[in-house]
Amino acid sequence: MTLGALGVVYGDIGTSPLYALKEAARAASAGGTLQPGAVIGCVSMILWALILVISLKYSLLIMRADNRGEGGIMAMLALLKARHAKPGSARAYVLVVGLVGAALLYGDGAITPAISVLSAVEGLKVDAPFLAPAIVPLTAAILIGVFLVQSKGTGFIGKLFGPIMLLWFIALALLGIRGILMAPEILSAINPFNALYFITHTAPFVGFAVLGATFLAVTGGEAMYADMGHFGPMPIRIAWLTVVLPALMLNYFGQGGLLLTQPGALDNPFYQLSPDWAHYPMVFFATAAAVIASQAVITGAFSLTRQAVQLGLFPAIHIQHTAHDQKGQIYIPIVNWLICLATLTSVFMFRSSDALAGAYGIAVSLLMAITTGLAALIALKWGYNPVLVIAVNGFFLLIDLAFFSANLPKLHEGGWYPLLLALVLTVVMLTWRRGLALVEAARSRQREPEKDFLDMLATNPPLRLPGTAAFLASAARGLPLSLTHFVRHNHALHERILLVTGKLEEIPRVSDENRIELIELAPSVTRVILHFGFMETPHIPNGLRCGVEHGLLPGVDLSDMSYYIGRETVIPRAEIAGMAMWREALFAFMQRNAERSAAHFHIPAKQVVEVGVEIEI
């Protein structure tokens, strides 16, 4: 598990030596000569950023905020029960902040593959400057290849990620030792006062720029928490403390040692740290590590999207399972190609890792601040001492805000790009959530009272058809519109009626014992509530099969049952109070193009009957 965590969790932060110290040292030189004190100060700042932000904040603090083993922004929102918050309440604001954090992850996902692969391929310029015009096209070709293979599944090559990243970290450590031997005085950067002295004795604008560049060394730390459910906290912590942190520390010290002896190596200290004969092998090796980092980000986006769909924050979209024996191996076509488009746009827009560094960092630093704030709310909810929570989380929040402030000047350099992507996605999620509430309100106005329907069955029953029919219901109360429409137009009803509702719980997974809940409304009418966790696939037939196998649904033949599903057409109306017309039109567009309910709930097509219903909002 620890080896697997190296390949999935630490791909992003593991490629940061390609560009982090280079950007920090460039900012410290401010266009002039790079002084030894500036080099030691930059290395010291990076080292202590890794210790404070990753080792202490994420490893010891944030990873405690788990939802039955799962981590990430969506798990935090589930713990805080913010999904059902009433508009205008405190939890509603928590939900908005959490959704902004989730959207920022997508913005990060558009930048990480671009800067990782670009910075790796740029190593070709060290020995072959004439290849500079080919850097951008070659990067784009590699990234397109990465996105193309997603539909095939990455389970097989994913098994190689851990060993490759282990070799990568070993190479980082060996190169670092080589640089330290060039200038052992770089080891004085271990003293945190060197970082404090540098930041307090340099021009404010220079110190701010160095602080913003230093943050590039800790981007990717969020993956420790987001991927906690895949590996568990202990393997992730072991991998960090025994492999990743020592290798990163040695490499940054080695690059610093090189810059102390050869200030002219500032153009690309990572590659110039390696021997001449190893330049091209290191370019290939770095590119492989960058591809692994990109894969981890893309896989994370797939997982985040699935959670958002389950939590009712995105419309139902087609999700392919690329490995039936591995629950985490999924592929979401629309997400894959939207991230591909955003990533290629960033490559062609910025054209170098130096320019991309301006866009990178601002979104992640804001995300880290949001994560710290949500973790504090969870700690307070769990009953921790408020003074202790405010002191500890407040300290880390100050660090996050310092990094965010240092990255704010990058806004005009390209930082607007991931923030724009995050803004668009936040609006989409909030619009979808609000639209669902408006649709449910419209449904409730059209529903026939449950008591009237049951009285009708008892006093004036319609013609009864043989067999069992399952009517899918969006709510666990009232009657689905598909049922009343069916009776109104056909004047008949099946002998056995199941009103089936899939209910999402605020936990990752639900056990089979707690999967199904039955409520007998009448001798022939049963309400069936199927409970699913936000990390599960809502599979209605499997849920019903669970009830049959446990003897809760005697006499039900799942293979001979018909499923009736309302096919709703949403019609925006200006005269009905709701959202702005453009938001209602956006919601209607998403609703029309969402995956069909039958496919989303994995109901066999030959057993489905759709009943058309118009909903005005």
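**View 1. The whole chain and its surface.** About 25,100 Å² of the chain is exposed, with carbon and sulfur atoms supplying 65% of that area (Shrake-Rupley method, 1.4 Å probe; for residues, only the protein chains shown count as cover). This is a predicted model, where local features need pLDDT of at least 70, side-chain atom pairs count only at pLDDT 80 or more, and totals for chains, interfaces and linings use all residues. Residues are numbered from 1 along each chain as its sequence is written, and side-chain values use heavy atoms, leaving out hydrogens and water. Of the 617 residues, 57% are buried (under 20% relative accessible area; exposed is over 50%, partly exposed in between; 1.4 Å probe, protein chains only).

**View 2. The fold in outline.** The chain has 26 helices and 8 strands (DSSP runs numbered from the N terminus: helices are H or I with at least four residues, strands are E with at least two). Its C-alpha trace spans about 95 × 50 × 45 Å along the principal axes. Take the contacts between residues at least 6 apart in sequence: 81% of them join residues at least 24 apart (contact means heavy atoms within 4.5 Å).

**View 3. Lys451 and Asp455 on helix α22.** Here the two side chains meet in a salt bridge, 3.0 Å from N to O (a side-chain nitrogen of Lys or Arg within 4 Å of a carboxyl oxygen of Asp or Glu). Both sit in helix α22 (residues 450–459), 4 residues apart, so about one helical turn separates them. Lys451 is exposed at 60% relative accessibility, while Asp455 is partly exposed at 33%.

**View 4. Arg515 with Asp512 and Glu536.** Arg515 is buried, at 9% relative accessibility. Its side chain forms a salt bridge with Asp512 at 3.9 Å, N to O, and Asp512 is partly exposed with a relative accessible area of 44%. Arg515 also meets Glu536 in a salt bridge, at 2.9 Å from N to O. That second pair links distant parts of the chain, 21 residues apart: Glu536 lies in the loop between β6 (525–532) and α24 (540–549), and Arg515 in the loop between β4 (492–504) and β5 (516–522). Glu536 is buried too, with a relative accessible area of 13%.

**View 5. A salt-bridge network.** Lys22, Arg26, Asp267 and Asp354 are joined into one network by salt bridges that share partners. Searching the whole structure turns up 14 salt bridges.
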